[in-house]
Amino acid sequence: MSLSVGIIGLPNVGKSTLFNALTASRVVAANYPFATIDPNKAIVRVNDERVAKLAGEFEPLKTYYATIEFNDIAGLVRGASKGEGLGNQFLAHVREVDALIQVVRCFELDNVVHVDESVDAKRDIETINLELIIKDLETLNRRKERVETKARVNQEKEAIFEFNTITKFIEQLENEKPLRLLTLTEEEKKYGLKTLMLLTLKPMIYIANISDDEYATYENNVHYQAVKEVAKHEGTDVVPVSIAFEEQLYALSSTERELLMKELGVKELGLDSVVKTAYDILNLKTFFTVGKKEVHAWTFKAGMKAPECGGLIHTDFERGFIRAEVYTFNDFLKYQTEVKIKEHGKMRSEGKNYTMKDGDVVRFLFNV
């Protein structure tokens, strides 16, 4: 399960610089070579120190980190829903991702032209969101025409559900509010995301792109505060990043980078926060499988049972699931070896009803 994230925003707000910084700050996953996918798409590893620590103990032949796919989607302009700019091409790319990162310009710079000739973070967010809302309304009105007769005249159960859900969605969008703000049942959410692939239902993270001279004082930036207010209203996250500055940081050696971060009083780079926030907003967790052949990080949805997680590795693991032998990464840190983990009774045998936890180290037993 690889997380796919689309980077969106107006032209000249820092999307491509963010994409370049994110891919430069991580090792591109060897089994997903960047150049073979697309110039604007990269599958890169998620930097997780737990993987490195496990690999240090087991010394495997291969080490696999969890991966995340970043898509640098062309700049959106006002009227994209009607085909302006790259229009429909942009919106088609948005449909393919699991979550959206909206980059918002929060810096003043005369030699970087703003498409609306002034910097206004709240207005820019409204422009992007409105274009996505208009496109979703088009999708829903077309679908409504197809199911209305089946629902009203034929009284087909599935059509009635679709018609009622579509009506609920349209009412929200006509008030110029994205669907992600609606309280929905799991069935309604699945219908909107999987069947209709609605754009405003996708989780949204905001990135406030600040100037390098505000790297440590971004709280004083009025544009950042505007983005923060929008994010608070939507119940989502905003990550302040000086994108150009962090891209430069990754040109330094790790020692030089750490010294500069210490000097600036920065504990975590914004780029790492972006990845963590993407995982959090999609409710994703990580479990590990270990051994001499490989140490492997696997991404799963919170709430998944042990057999389902086994199925992420191979369908036989789920189909023929017997049990899972589990211990926590924290116990690994404490006891260092599996022998000692067993001696202290910290390795558990879990059945098919076990709900997997973030940081579980697992060995699946199965028979087919």
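This talk goes through the salt bridges, a charged surface patch, the cysteines and one loop residue of a predicted model.

I will start with the salt bridges. Side chains of opposite charge can pair when their charged atoms come close. Across the whole structure, the search gives 15 salt bridges. I will show three pairs and one network.

The pair to look at with the chain in mind is Arg180 with Glu234. Their side chains form a salt bridge at 3.2 Å, N to O. This pair links distant parts of the chain, 54 residues apart: Arg180 sits in the loop between helix H5 (157-174) and H6, and Glu234 in helix H7 (residues 222-234). Are the two partners buried or exposed? Arg180 has a relative accessible area of 18%, and the cut-off for buried is under 20%, so Arg180 counts as buried. Glu234 is buried as well, at 14%.

Next, Asp316 and Arg319. The closest N and O atoms of this salt bridge are 2.7 Å apart. Both residues belong to helix H12 (residues 315-319), and because they are three residues apart there, about one helical turn separates them. Asp316 is buried, at 19% relative accessible area, whereas Arg319 is exposed, at 62%.

The third pair is Arg123 and Asp124, whose side chains meet in a salt bridge of 3.1 Å, N to O. Asp124 is buried, with 4% relative accessibility.

There is also a network: salt bridges link Arg323, Glu325, Glu338 and Arg363.

Now the charge on the surface. Which residues gather in the patch of positive charge? They are Lys189, Lys190, Lys194 and Lys301. Helix H6 (residues 186-195) gives the most to this patch, with three residues. Lys301 is in strand S9 (residues 294-301). At a relative accessible area of 37%, Lys301 is partly exposed.

On to the cysteines. A disulfide is a covalent bond between the sulfur atoms of two cysteines. How many disulfides does a search of the whole structure find? The count is zero. Two cysteines to note are Cys106, buried at 1% relative accessibility, and Cys309, buried at 0%.

Last, a loop residue. Asn283 lies in the loop between helix H10 (270-281) and strand S8 (284-289). With 40% relative accessibility, Asn283 is partly exposed. From Asn283 to Gly303 is 20 residues in sequence, and 9.1 Å in space, C-alpha to C-alpha.

Definitions and conventions
Residues numbered from 1 in each chain as written. Predicted model: local features only at pLDDT ≥ 70, side-chain atom pairs only at ≥ 80, totals over all residues. Heavy atoms only, no water. Disulfide = S-S within 2.5 Å. Buried < 20%, exposed > 50% of the residue type's maximum accessible area, 1.4 Å probe, protein only. Patch = residues over 30% accessible without salt bridge, like charges linked within 9 Å, V, L, I, M, F, W, Y side chains within 5 Å. Areas by Shrake-Rupley, 256 points an atom, 1.4 Å probe, with all protein chains shown as cover. Salt bridge = Lys/Arg side-chain N within 4 Å of Asp/Glu carboxyl O. Lys, Arg positive; Asp, Glu negative; His and termini not counted. Charge placed at Lys NZ, Arg CZ, Asp CG, Glu CD. Helix = DSSP H or I, 4+ residues; strand = E, 2+ residues; numbered from the N terminus.
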